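Visitor: I should like a close look at a single part of this structure, followed outward into its surroundings. Please take one helix as the starting point and explain how it sits among its neighbours.

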Amino acid sequence: MLSKILYENENCKWIMLARDPQKKTNVIDTNEYAIIVNQEAILLDPGGIEIFPMVLTSISEILDVKSIKAYLCSHQDPDVMSSLQLWLGLTPNAKVYMSWLWAGFIAHFGGEYVKNFVTLPDEGLALDFNQRKFEFVPAHYCHSSGNFHFFDPEAKILFSGDMGAALVPLDYPTVVEDFKEHIKYMEKFHQRWMPSNTAKNKWVQRVRKLNPSLLCPQHGSVFAGENVQLFLDWLEDLEVGKAK
Ligand SMILES: [Fe+2]
Ligand SMILES: [Fe+2]
């Protein structure tokens, strides 16, 4: 599994884990992101049970697993968080941030760790993690009805969950190189998995204000520099949620 440093300064590092070569072909590929702040980590969308051994192996090469103090479950999908109980078995005191809307549903994976849940209000929340400020950014109906993305205002990096997702080949670059070429990997995904043009356009407006320099989806490749703007322009024009 690839491990790529997206950002690094004296006390903070963003690392992307991607392109699991051992993953079965019928399991959708996912990206996981670890943010390490002063030796402690947040894991964004820890992933599915199926890929847990590979993600654990890769992350153990980067950090001491016991240093993971928090998880974000951007929404309730199995590819996002069905591994949660396994992670919490290793880090029983870590916090799990999720939409209030899904807490009772995610509790069906097992009640033992419900005490670790921190439910996010619809309007989002600021997070102070080891003296670095982050934001849980509302992204409801993009695609889940209770959905949050995660922003680092200092690094200007936005974790965008399924927004910007693309179904790419295993040998595809982890950072988008040719935006026009990339469209074919993400167009159908957004048309089908994003249910609402109103919600999608509201999200685009919100992200334009944040003005990220990196946009990091849970599937596919990272958008950097001018490709962030190209993606937002493209998404704004795309009609989504079309019933057949
Ligand atoms: Fe999803
Ligand atoms: Fe997903």
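Guide: What follows is an account of helix α6 in this predicted model, and then of the parts around and beyond it.

Helix α6 covers residues 197-210, which makes 14 residues. Its first and last C-alpha atoms are 20 Å apart, close to the 20 Å expected at 1.5 Å a residue. Four of its residues are buried: Ala199, Lys200, Trp203 and Val207. Viewed down the axis of α6, these buried residues fall within an arc of 95 degrees, so they line one face of the helix. The general reason for such a pattern is that an α-helix has 3.6 residues a turn, so residues three or four places apart point the same way. The face of α6 turned away from the buried side carries the exposed residues Thr198, Gln205 and Lys209. The cover over the buried residues of α6 includes strand β11 (157-159) and helix α7 (226-237). Just after α6, Asn211 takes a positive phi of about 55 degrees.

Helix α7 leads to another helix, α5, since what covers the buried residues of α5 also includes α7. The buried residues of α5 are His182, Met186, Phe189 and His190. Helix α5 runs over residues 179-193, and its 15 residues should span 21 Å at 1.5 Å a residue; the end C-alpha atoms are 20 Å apart, which agrees. Within α5 there is a kink of about 45 degrees, centred on Tyr185. The segment after α7 contains Lys242. Lys242 counts as exposed because it has 9 C-beta neighbours inside 10 Å, where the limit for an exposed residue is 12 or fewer. Lys242 and Pro195 are 47 residues apart in sequence, yet their C-alpha atoms are 7.7 Å apart in space.

The other named neighbour of α6, strand β11, belongs to a sheet. This is an open sheet of six strands in the order β8-β9-β10-β11-β12-β13, with mixed pairing. Strands β8 and β13 (223-224) stand at its edges with a single partner strand each, so one side of each has no neighbour in the sheet. Strands β8 and β9 run antiparallel and are joined by five bridges. In that pair, Leu125 stands opposite Phe136 in β9.

Two loops of this region call for comment on their backbone. As background, most residues other than glycine have a negative phi, and most peptide bonds are trans. Asn130 lies in the loop between β8 (125-129) and β9, and Asn130 has a positive phi of about 50 degrees although it is not a glycine. With 15 other C-beta atoms within 10 Å, Asn130 is partly exposed. In the loop between β9 (132-138) and β10 (148-152) lies His143. A cis peptide bond joins Cys142 and His143, with omega about 0 degrees.

A further sheet completes this survey. Seven strands form an open sheet in the order β1-β2-β3-β4-β5-β6-β7, and the pairing is mixed. Its edge strands are β1 and β7 (117-120), each of which pairs on one side only. Neighbouring strands of this sheet are turned by 20 degrees against each other on average, direction ignored. Helix α1 packs on the sheet and touches β1, β2 and β3; the direction of α1 makes about 145 degrees with that of β2.

Within the seven-stranded sheet, β1 (residues 2-8) and β2 (residues 12-18) pair in the antiparallel sense over six bridges. These two strands form a hairpin with three residues between them, and Ile5 stands opposite Ile15 in β2. Strand β3 (residues 32-37) and β4 also run antiparallel, joined by five bridges; here Ile36 stands opposite Ala41 in β4. Asp45 is found in the loop between β4 (40-44) and α1 (52-60). The phi of Asp45 is near 50 degrees, a positive value in a residue other than glycine. Asp45 counts as buried because it has 26 C-beta neighbours inside 10 Å, the threshold being 20 or more.

To return to the part requested: one face of α6 is lined by its buried residues, and the cover over those residues includes β11 and α7.

Notes
Residues numbered from 1 in each chain as written. Chains lettered and ligands numbered in written order. Predicted model: local features only at pLDDT ≥ 70, side-chain atom pairs only at ≥ 80, totals over all residues. Expected span 1.5 Å × (residues − 1). Arc of directions from axis to C-beta. Contact = placed C-beta atoms within 7 Å. Bend = angle between axes of the 7 residues up to and from the residue. Pairing = 2+ DSSP bridges. Axes fitted to C-alpha atoms, helices over the stretch in contact; angles between N-to-C directions.
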